[in-house]
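Subject: A structure for you to look at

Hello,

I am passing this structure on to you, and I hope you enjoy looking through it. My notes on what turned up follow below.

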Amino acid sequence: MSMTEEQRRARYGGPLVTPRAARLLAVAVSVVFIAVVVVVGLRFADQPVKGNLVTYEHVAPDRIAVTFTVSMRPHTEASCTIQAMNAGAAQVGFVDVPIPPQEQRVSRHRVEIATQGEAVSAEILTCTRR
């Protein structure tokens, strides 16, 4: 024997939200989701230049060579700021590297940084479009 809709409601209660409210809620959640995707997409699309450290090499006690890649739109000029650090993580060298327009999206560069003391590591601080 199956229950009628009226008997089911009497026993278990009605739905928590009406079908219309459920549809409106689904539309609202969809709109918020799409807005979040658009905002995140614009945030990442707004980063036209990105630098990545590939290697660093100790050339001399007062010099370190840094190899890095730069990702940016072709034909864009950029500038990357790179620092060399000692064992205590203090900055012992610093250089701004101009990146001329490139044909490819990713380009590889090498720069030597004169240091005040022995450098044990290097990092890219920023890469920005010029």
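**Strand 3 and its partners**

Strand 3 and strand 6 are paired in the antiparallel sense, with 8 bridges between them. Strands here are DSSP runs (E, at least two residues) and helices are DSSP runs too (H or I, at least four residues), both numbered from the N terminus. Two strands count as paired if DSSP finds at least two bridges between them. In general, the strands of a sheet pair through backbone hydrogen bonds, either parallel or antiparallel.

Before you go further, please keep in mind that this is a predicted model, where local features need pLDDT of at least 70 and side-chain atom pairs count only at pLDDT 80 or more, while totals for chains, interfaces and linings use all residues. Residues are numbered from 1 along each chain as its sequence is written, and side-chain values use heavy atoms, with hydrogens and water left out.

Back to strand 3: A78 has R129 of strand 6 as its bridge partner. Strand 3 is also joined to strand 4 (residues 91-99) by 8 bridges, and these two run antiparallel. There, A84 is partnered by G93. The hairpin of strand 3 and strand 4 has 5 residues between the strands, and A89 takes a positive phi near 65 degrees in it.

How many residues of strand 3 are buried? The count is 8 of its 8 residues, so the strand is mostly covered; buried means under 20% relative accessible area, exposed over 50%, and partly exposed in between, with a 1.4 Å probe and protein chains only. A78, C80, I82 and A84 point one way, S79, T81, Q83 and M85 point the other way, and all are buried. As a rule, side chains in a regular strand alternate between the two faces of the sheet.

**The disulfide**

There is 1 disulfide in the structure (a pair of cysteine sulfur atoms within 2.5 Å). C80 and C127 form it, with their sulfur atoms 2.0 Å apart. The two cysteines are 47 residues apart, C80 in strand 3 (residues 78-85) and C127 in strand 6 (residues 121-129). The torsion about their S-S bond is about 115 degrees, so the disulfide is right-handed. C80 is buried at a relative accessible area of 0%, and C127 is buried at 12%.

**An open sheet**

Strands 1, 2 and 5 make an open sheet of 3 strands in the order 1-2-5, with antiparallel pairing. Strand 1 (50-60) and strand 5 (106-114) each have a single partner strand, so one side of each is left without a neighbour in the sheet. Strand 1 and strand 2 (residues 63-71) are joined by 9 bridges, and L53 has F68 as its bridge partner in strand 2.

**Salt bridges**

The structure holds 3 salt bridges (a side-chain nitrogen of Lys or Arg within 4 Å of a carboxyl oxygen of Asp or Glu). R110 in strand 5 and E57 in strand 1 are 53 residues apart, and their side chains meet at 3.4 Å, N to O. R63 and E112 meet at 2.8 Å; R63 lies in strand 2 and E112 in strand 5. The third pair is E77 and R130, at 3.1 Å. E77 is partly exposed at 35% relative accessibility, whereas R130 is exposed at 55%.

**Helix 1**

None of the 8 residues of helix 1 (residues 5-12) is buried, so this helix lies largely in the open. G13 follows helix 1 and has a positive phi, near 90 degrees.

Best wishes
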